[in-house]
Amino acid sequence: MNSRLLKNEGWLYWLAFLLALGFRLIQLGASSLTDSEATLALQALHVAQGQAPLLAPQPGYILLTSIFFAVTNSTNFLARFIPAIAGSALVFTPYFFREKIKPKPALVLAFLFAVDPGLVALSRQASGTMLAVTSLLFAWGMWRNRRAIPAGIFAGVALLSGPSVWAGLLVLGLTRLF
């Protein structure tokens, strides 16, 4: 049983990703944007149109979203698309910590990340918070696995994702301390 689980471990992570993607993308653009979401989406739209707006402290989200706005029409769905993808990718983070928490609990954690209501709600908001969380955990996981270049790239994306990365660094620091 254990060897079969380990043999299918990659497929199970992808299944968790597809489950997470389903929870995050269904009816993503149905509700209108809140004021804070609209502010960021308008900044992304202005960047996509070639204007130079003053950017909010979440340039990673704004610049990534502006790429989609430049290629297609700007919609509520596309304004929330980057956080939804980042939230779905969060299910892969337990894979980086399998040696510490063992493969079976890592898979269970991946599926819990896929269906957790708080993470789903955070992934469905047009902001850089979910991008910061996912990038920070990916950077930490890559660093633990001695992959310095991807760790640096994800750390850079996390820093560009906004001020919420500092709360995440504080939590990770306290976790490491205790």
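The turns below go through helix packing and a pocket in this predicted model.

Student: Why are α2 and α9 called roughly parallel?

Tutor: Helix α2 packs against α9 at an angle of about 15°. Angles under 35 degrees count as roughly parallel, so α2 and α9 get that name. Their axes are 8 Å apart.

Student: Which residues make the contact of α2 with α9?

Tutor: From α2 they include Leu12, Ala16, Leu19 and Phe23, and from α9 they include Ala106, Leu107, Ala110 and Phe111.

Student: What makes up this contact by class: nonpolar, polar or charged?

Tutor: It has 15 nonpolar residues, no polar ones and two charged ones. Glu9 and Arg24 of α2 take part in the contact, and Glu and Arg count as charged.

Student: Why are α2 and α6 called roughly antiparallel?

Tutor: Helix α2 (residues 9-25) and helix α6 (residues 81-89) pack at about 150°. The cut-off for roughly antiparallel is over 145 degrees, and α2 and α6 are therefore given that term. Their axes lie 8 Å apart, and α2 passes α6 in a right-handed crossing.

Student: Where do the two helices touch?

Tutor: On α2 the contact residues are Phe17, Ala20, Leu21, Arg24 and Leu25. On α6 they are Phe81, Ala84, Ile85, Gly87, Ser88 and Ala89. By class, the contact of α2 with α6 has eight nonpolar, two polar and one charged.

Student: What makes α11 oblique to α13?

Tutor: The axes of α11 (residues 129-144) and α13 (residues 164-177) cross at roughly 40° and come within 9 Å. Angles under 35 degrees would be roughly parallel, and 65 to 115 roughly perpendicular. The angle of roughly 40° fits neither range, so α11 is oblique to α13. The contact involves Thr129, Ala132, Leu136, Leu137 and Trp140 of α11, and Ser164, Val165, Gly168, Leu169 and Leu172 of α13.

Student: How do you know that no charged residues belong to this contact?

Tutor: Asp, Glu, Lys and Arg count as charged, and the contact of α11 with α13 has seven nonpolar, three polar and no charged residues.

Student: What is the volume of the largest pocket, and which residues are closest to its centre?

Tutor: The volume is about 590 Å³. Of the 22 lining residues, Phe97, Leu137, Trp140, Leu172 and Thr175 are the closest to the centre. Among the elements that give two or more residues to the lining are α9, α11 and α13. The lining divides into 14 nonpolar, five polar and three charged residues.

Technical notes: Residues are numbered from 1 along each chain as its sequence is written. This is a predicted model: local features need pLDDT of at least 70, side-chain atom pairs count only at pLDDT 80 or more; totals for chains, interfaces and linings use all residues. Side-chain values use heavy atoms; hydrogens and water are left out. Axes are lines fitted to C-alpha atoms, for helices over the stretch in contact, and angles run from 0 to 180 degrees between N-to-C directions. Helices (H or I, at least four residues) and strands (E, at least two) are DSSP runs, numbered from the N terminus. Contact means heavy atoms within 4.5 Å. A crossing is left-handed if the near helix is turned anticlockwise from the far one by less than a right angle, and right-handed if clockwise. On a 1 Å grid over the protein atoms alone, a cavity is a set of points where a 1.4 Å probe fits but cannot get out, and a pocket is an open set with protein on both sides within 12 Å along at least five of seven lines; lining residues have an atom within 4 Å of a point. Grid points are joined across faces, edges and corners, and a volume is the space filled by probe spheres set on the points.
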